[in-house]
Amino acid sequence: MRFLLDEAEKIICAVIFLGMTAVGFANVCVRYLTNYSLAASEELLTNGFLLLTVFGAAIAARRGEHLAVTLLTEALPRPARRALFFLATGLSVVLLAMSAWFSWAALTNLIGNGMRSYALQIPAWYYQAAVPFGFALILIRYLQYAWRGRHDPGDAPDGVADV
């Protein structure tokens, strides 16, 4: 069970990628064999890329491999580097919490208005349902990374990734 909790985003990404590969392959086969295309494949692949991006960001946040410009922080003395690390962590937590909140609001809006997807005509909120949880997972994984890197923020990206 611990493995599932520790590796949840990797498992989710693998399942999404496998499904996207199958849908894309099926679309190519149908297109070459019948000269028609599966209209739903574009819808499924587009939303799959969205989910893959969100859950992939959770993997990067946990490893400390998110995009960072370290030119300034590497030039700072350790106390200033530490303060900047905590400031960046606080701002990132606020941004991720707001992203989770607003994506939850978008999800409840989609549920409330009954909007349907254009190709499959299923409720549009089906595609949006995992996004708020994905942002919450990014937030949790980023806090895990920050907690492990709190002692020496300058070493956090390299030293924490192997933990």
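Me: Where in the chain does Gln121 lie?

Reply: Gln121 sits in the loop between helix H5 (78-113) and helix H6 (125-128). Keep in mind as we go that this is a predicted model.

Me: Why is Gln121 called partly exposed?

Reply: Its relative accessibility is 44%. Buried would need a value under 20% and exposed a value over 50%. Gln121, at 44%, falls in between, so it counts as partly exposed.

Me: What makes the phi of Gln121 worth a look?

Reply: Gln121 has a positive phi, about 55°, and it is not a glycine. Most residues other than glycine have a negative phi. Asn35 is another non-glycine residue with a positive phi, in its case about 65°.

Me: Where is Asn35, and why is it called exposed?

Reply: Asn35 is in the loop between H2 and H3. Its relative accessible area is 69%. The cut-off for exposed is over 50%, and 69% passes it, so Asn35 is exposed.

Me: Let's go back to Gln121. Which residue 81 places away along the chain has its C-alpha atom 9.5 Å from that of Gln121?

Reply: That is Ala40: the two C-alpha atoms are separated by 9.5 Å. Ala40 belongs to helix H3 (residues 39-63). Setting aside residues up to four places away in sequence, Ala40 touches Ala119 and Leu120.

Me: How do you know that Ala40 is buried?

Reply: Its relative accessible area is 18%. Buried means under 20%, so Ala40 makes the cut.

Me: Why is Glu9 called buried?

Reply: Glu9 has a relative accessibility of 2%. With the limit for buried set at under 20%, the label follows. Glu9 is in helix H2. Beyond its neighbours within four places in sequence, its contacts are Phe55, Ala58, Ile59, Arg62, Leu137 and Arg141.

Me: What makes the pair of side chains Glu9 and Arg141 a polar contact?

Reply: The distance between them is 2.9 Å. A polar contact asks for N or O atoms within 3.5 Å, one able to donate a hydrogen and the other to accept it. At 2.9 Å, the pair lies within that limit, so it fits the term.

Me: Is Glu7 buried or exposed, and how do you know?

Reply: Glu7 is buried: its relative accessible area is 18%, and the cut-off is under 20%. Glu7 is found in the loop between helix H1 (2-6) and helix H2 (8-34). Its side chain makes a polar contact of 3.0 Å with the side chain of Lys10. Farther along the sequence, beyond four places, Glu7 touches Arg62 and Arg141.

Me: Now the whole protein. How many helices and strands does it have?

Reply: There are eight helices and zero strands.

Me: What makes the protein more spread out than a compact globule?

Reply: The globule rule gives 15 Å for 163 residues, while the radius of gyration is 20 Å. That is well over the rule's value, so the protein is more spread out than a compact globule. Its C-alpha atoms fill a box of roughly 65 × 35 × 35 Å along the principal axes.

Me: What share of the 163 residues count as buried?

Reply: The share is 30%.

Definitions and conventions. Residues numbered from 1 in each chain as written. Predicted model: local features only at pLDDT ≥ 70, side-chain atom pairs only at ≥ 80, totals over all residues. Heavy atoms only, no water. Helix = DSSP H or I, 4+ residues; strand = E, 2+ residues; numbered from the N terminus. Buried < 20%, exposed > 50% of the residue type's maximum accessible area, 1.4 Å probe, protein only. Contact = heavy atoms within 4.5 Å. Rg over C-alpha atoms; globule rule 2.2 N^0.38 Å.
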